[in-house]
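Welcome, and please take a moment to look over the model below before reading on. The notes that follow walk through it piece by piece.

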There are 2 protein chains.
Amino acid sequence: MKTLVIVTHPNIHESTVNKTWVQMLRQHPDRFTVHELYSEYPDGVIDVEREQALVEEHQNIVLQFPVYWFNCPPLLKQWCDEVLTYGWAYGSKGKAFENKKLGIAVSLGAPASEYSAEGSVGYTVAETLRPFELTANYISANYQPLFTFHTIDTYESYDEAAAQLVADSAGDYLAHLNTYYA
Amino acid sequence: MKTLVIVTHPNIHESTVNKTWVQMLRQHPDRFTVHELYSEYPDGVIDVEREQALVEEHQNIVLQFPVYWFNCPPLLKQWCDEVLTYGWAYGSKGKAFENKKLGIAVSLGAPASEYSAEGSVGYTVAETLRPFELTANYISANYQPLFTFHTIDTYESYDEAAAQLVADSAGDYLAHLNTYYA
């Protein structure tokens, strides 16, 4: 059961976490189709039919992105608006995601401790990213537990220990995918 | 104290609610600056300096948009990513929104009753749109209560009674702005 991983990062070449994750995913081409929206659609014009066909060809869908401003990158929201059409993703004849697993895998700048009622954010990541859960519910997908990696805000702070955490996160991500998208 | 209303609607000419609201706002040019992102930036290239200057010239900021997939239109997310820069909107020297009021005014397809623990959405609008509250908090803006208008999903359903509700909503919106952005 192959998993489609839709990666949306506006600047992945300068990223640390998402780039590491993509490198890991690409080592398993039999299991994952890595689909990077910003490199596929640099002009921002999404091929809706192609996207719908990709979804139809896969049993599991993962949306992978960095969280900026507590939300997804703009091109992923555009993907939702344009690809999740009435009669395909929802509506009485819209069953594209029925019986499919759908979930998100995200990197976040702030430490995990900040994402709590007592932390500076004040809400959990699940509460913060509720729009994705609600979207999954609306299209009758089987929403999976979040995969989250809390990193550090500035590149200056990427010392050796942080780099090791990022490297380890790829293994954690793979284990997560093995658990929930088998 | 003039209010900047940043309107983000990918297709406002075919909209009902947001167009009605913009028409109302434009009747009060002494009080509101209506700034429509999709008409200002049809190619999706945002003039960051101009946007920052606009924010600086106003005491109150309202983000007005239709909620699709429980979230804002892509160009508004892009605006957040590009305009809310370190050292301007946040960081020790980033004080652009300090002492400014910021809030959202949104139209939603589903009836209000669906936005509750018992309804089909399962969460309130405030819970659904938490990313905007968290963004406001992060930039130290004074986040205002939501203005929400629940409409109906399909244009076919816009009978006379519905049209009257939309017309009335413009008055409600103005009253809301008078209350929270005076």
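Of the 182 residues of chain A, 52% count as buried. Keep in mind as you read that this is a predicted model.

**Chain A as a whole**

Chain A holds 7 helices and 6 strands. Starting at the N terminus, its elements follow the order β-α-β-α-α-β-α-β-α-α-β-β-α. The radius of gyration of chain A is 16 Å, close to the 16 Å that the globule rule gives for 182 residues, so the chain is as compact as a globular protein of that length. Along the principal axes, the C-alpha atoms of chain A fill a box of roughly 50 × 35 × 35 Å.

How do the contacts in chain A spread along the sequence? Among those between residues at least 6 apart in sequence, 76% join residues at least 24 apart. On the outside, chain A exposes about 8200 Å², and carbon and sulfur atoms supply 50% of that area.

**How the two chains relate**

Two copies of a chain are related by a rotation about an axis and a shift along it. Here, a turn of 180° and a shift of 0.0 Å along the axis lay chain B on chain A with an RMSD of 0.0 Å. The two copies are thus related as by a two-fold rotation axis. The same surface serves both copies, since 100% of the contact residues of chain B recur in chain A. Which residue of chain B comes closest to the rotation axis? That is B:P74, whose C-alpha atom is 2.2 Å from the axis.

**Two helices, each with a buried face**

An α-helix has 3.6 residues a turn, so residues three or four places apart point the same way. Two helices, one from each chain, are worth following with this in mind.

The first is helix α7 of chain B, residues 160–180. At 1.5 Å a residue, its 21 residues should span 30 Å, and its end C-alpha atoms are 30 Å apart, which agrees. Buried in α7(B) are B:A162, B:V166, B:S169, B:A170, B:Y173, B:L174, B:H176 and B:L177. Seen down the axis of α7(B), the buried residues fall within an arc of 160°, so they line one face of the helix. The other side of α7(B) carries the exposed residues B:E160, B:L165 and B:T179. As for the cover over the buried residues of α7(B), it includes the strands β1 (3–7), β2 (32–36), β3 (60–67), β4 (101–108) and β6 (147–150) together with helix α1 (17–26), each of chain B.

The second is helix α3 of chain A, residues 48–57, where A:E51, A:Q52, A:L54 and A:V55 are buried. Viewed down the axis of α3(A), these buried residues fall within an arc of 155°, so they line one face of the helix. Exposed residues A:E49 and A:E57 sit on the face of α3(A) turned away from its buried side. Among the elements of chain A that cover the buried residues of α3(A) are β1 (3–7), β2 (32–36), α2 (37–40), β3 (60–67) and α4 (74–83).

**Two residues of chain A and their contacts**

A:N18 lies in helix α1 (residues 17–26) of chain A. Is A:N18 buried or exposed? At 1% relative accessibility, A:N18 counts as buried. Apart from neighbours within four places in sequence, A:N18 is in contact with A:H9, A:I12, A:Q64, A:F65, A:P66 and A:S107.

A:L146 belongs to the loop between β5 (142–143) and β6 (147–150) of chain A. With a relative accessible area of 25%, A:L146 is partly exposed. Leaving out neighbours within four places in sequence, A:L146 is in contact with A:I104, A:V125, A:A126 and A:H176. The C-alpha atoms of A:L146 and A:L25 are separated by 17 Å, and these two residues are 121 residues apart along the chain.

**Two loop residues with positive phi**

Most residues other than glycine have a negative phi, and most peptide bonds are trans. The table lists two residues of chain B that have a positive phi.

| Residue | Phi | Place in chain B | Relative accessible area |
|---|---|---|---|
| B:W69 | near 50° | loop between β3 and α4 (74–83) | 12%, buried |
| B:S140 | about 60° | loop between α6 (130–138) and β5 (142–143) | 39%, partly exposed |

How values were computed: Residues are numbered from 1 along each chain as its sequence is written. Chains are lettered from A and ligands numbered from 1 in the order in which they are written. This is a predicted model: local features need pLDDT of at least 70, side-chain atom pairs count only at pLDDT 80 or more; totals for chains, interfaces and linings use all residues. Side-chain values use heavy atoms; hydrogens and water are left out. Copies are superposed by least squares on the C-alpha atoms of residues with pLDDT of at least 70 in both. Contact means heavy atoms within 4.5 Å. Helices (H or I, at least four residues) and strands (E, at least two) are DSSP runs, numbered from the N terminus. The expected span of a helix is 1.5 Å times one less than its number of residues. Buried means under 20% relative accessible area, exposed over 50%, partly exposed in between (1.4 Å probe, protein chains only). The arc is that of the directions from the helix axis to the C-beta atoms. The radius of gyration is taken over C-alpha atoms; the globule rule is 2.2 Å times the number of residues to the power 0.38. Accessible areas come from the Shrake-Rupley method with a 1.4 Å probe; for residues, only the protein chains shown count as cover.
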